[in-house]
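Here are my notes on this one, written so you can follow along. Have a look at the structure before you read on.

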Amino acid sequence: MKKNQLGKSELYVSEIGLGTMSLGTDRDKGISLIHEALDNGVNFIDTADLYDFGSNEEIVGQALKDRRDSVILASKGGNHWEEGKDGWFWDPSKKHIKEALKKSLLRLQTDYIDLYQLHGGTIEDPMDETIEAFDELKQEGLIREYGISSIRPNVIREFIDRSSIATVMMQYSILDRRPEEEILDLLNENEISVIARGPLSKGMLTDRYDEKVKEDGFLGYSKYDVLDVVKQLSELKGERRNITQTALRYALAHPAVATVIPGASKSEQLLANLTTQNAPELSLDEVRKIREISSANKYDKHR
C-alpha cells in the first residue's frame, strides 16, 4: 500500500489506516481484525486510552506484540479516568499526560508510542504546560512524535504556532468539509499532516447508506439531502470506484491528508475499505464535481 510521510517526521504511514474505536471488546475478534488489516497492507493503527477504558489498548497491544516493529502505532491521552470509577474529565495537565502515557505503554505492551496525540482540547487549556509534557516524553524516547486530535480551528492555530506537532487528527469527509475552509491549507503550508477520521460519515458514504442515514440527517444535511448526495455520487463514480472508494479517495485528495482511518468492526467492512488502495485517485475534475454535489459547510464555533 502507498505510504505517506507524517509531517516532517521519519514516520511513514499507509494511506489507509485502522481506527480501532469500533473494534469492540471481544479480544479474539479484535486481534483477528487487526492482523487481517496488517496482512493487507495497513501499517498505521490508531487507538486511545479512553476507548473502552483501556481495554481497546490492551487488545491492540496483544495483537501487535509480535509485530510491533512493522507498525506505526498511535494513541491518545488527556481524558482522565480511573479504573473502578465511573466517568472521566478533561485533564491536559503535564502530570496527567505523562502518567497517562506510561499507563498506555503498559496496556500496549511496548516501550514507545510512535505518535501520541492530545485527545481534544480547548482554547482555555494550559497549552504551554501540555506541550512541555509532550516535548519531554519525546526527549525521553517514550514517544517518537506527537500531535493533537481536534476540530477546533482556534486550538489548531495555537498548536501550530507554539509546538512541533507532526499531525492533526480531524473529522473530514464529503459530508463534512469544514476543514477545507482554512485549516487544511494552513496545515499543508506548515508541513503538518492530517489524519482524517470519519471519512465515511458513520457509514453514510458506503453502499449501506440506506440503513446508515439517520432521520435527523448529518451536520447541516437533512436525511433527504444525504440521500441526494449519495445518489449523485453513485452516478458520478461510474465503473471506476464504488461509493466507499470515492469517499476515501476524496479525503486523501487534499495534499495535507496523509492517511484516512475508517473504523471497522467486521472483516467485511475492513476489506471493503481496503479495496480503495487499488482504486484510482480522483482527478481534479472529479474533485470539483464532488464539491459541486456536496456543501462547503463551515465551522460556526471555536473559530
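The points below go from the overall fold to the two biggest pockets.

1. First things first: this is a predicted model. It contains 11 helices and 12 strands. Its radius of gyration is 19 Å, close to the 19 Å that the globule rule gives for 303 residues, so the protein is as compact as a globular protein of that length.

2. If you like to picture dimensions, the C-alpha trace spans about 50 × 40 × 40 Å along its principal axes. The accessible surface comes to about 13600 Å², and carbon and sulfur atoms account for 45% of that.

3. Now for the inside. Buried residues make up 55% of the 303 residues. Take the contacts between residues at least 6 apart in sequence: 76% of them join residues at least 24 apart.

4. On to the largest pocket, with a volume of about 1000 Å³. It is lined by 36 residues, and the closest to its centre are Gly198, Lys202, Gly203, Pro262 and Gly263. Helix H10 (267–274) and strand E10 (167–171) each supply at least two lining residues, and the largest share, four residues, comes from H10. Sorted by class, this lining has 16 polar, 11 nonpolar and nine charged residues.

5. The second largest pocket has a volume of about 360 Å³. Which residues are the closest to its centre? Among the 18 that line this pocket, they are Ser150, Ile151, Arg152, Arg197 and His302. By class, the lining here has nine polar, six charged and three nonpolar residues.

Technical notes. Residues are numbered from 1 along each chain as its sequence is written. This is a predicted model: local features need pLDDT of at least 70, side-chain atom pairs count only at pLDDT 80 or more; totals for chains, interfaces and linings use all residues. Side-chain values use heavy atoms; hydrogens and water are left out. On a 1 Å grid over the protein atoms alone, a cavity is a set of points where a 1.4 Å probe fits but cannot get out, and a pocket is an open set with protein on both sides within 12 Å along at least five of seven lines; lining residues have an atom within 4 Å of a point. Grid points are joined across faces, edges and corners, and a volume is the space filled by probe spheres set on the points. Ala, Val, Leu, Ile, Met, Phe, Trp, Tyr, Cys and Pro count as nonpolar, Asp, Glu, Lys and Arg as charged, and the others, Gly among them, as polar. The radius of gyration is taken over C-alpha atoms; the globule rule is 2.2 Å times the number of residues to the power 0.38. Buried means under 20% relative accessible area, exposed over 50%, partly exposed in between (1.4 Å probe, protein chains only). Contact means heavy atoms within 4.5 Å. Accessible areas come from the Shrake-Rupley method with a 1.4 Å probe; for residues, only the protein chains shown count as cover.
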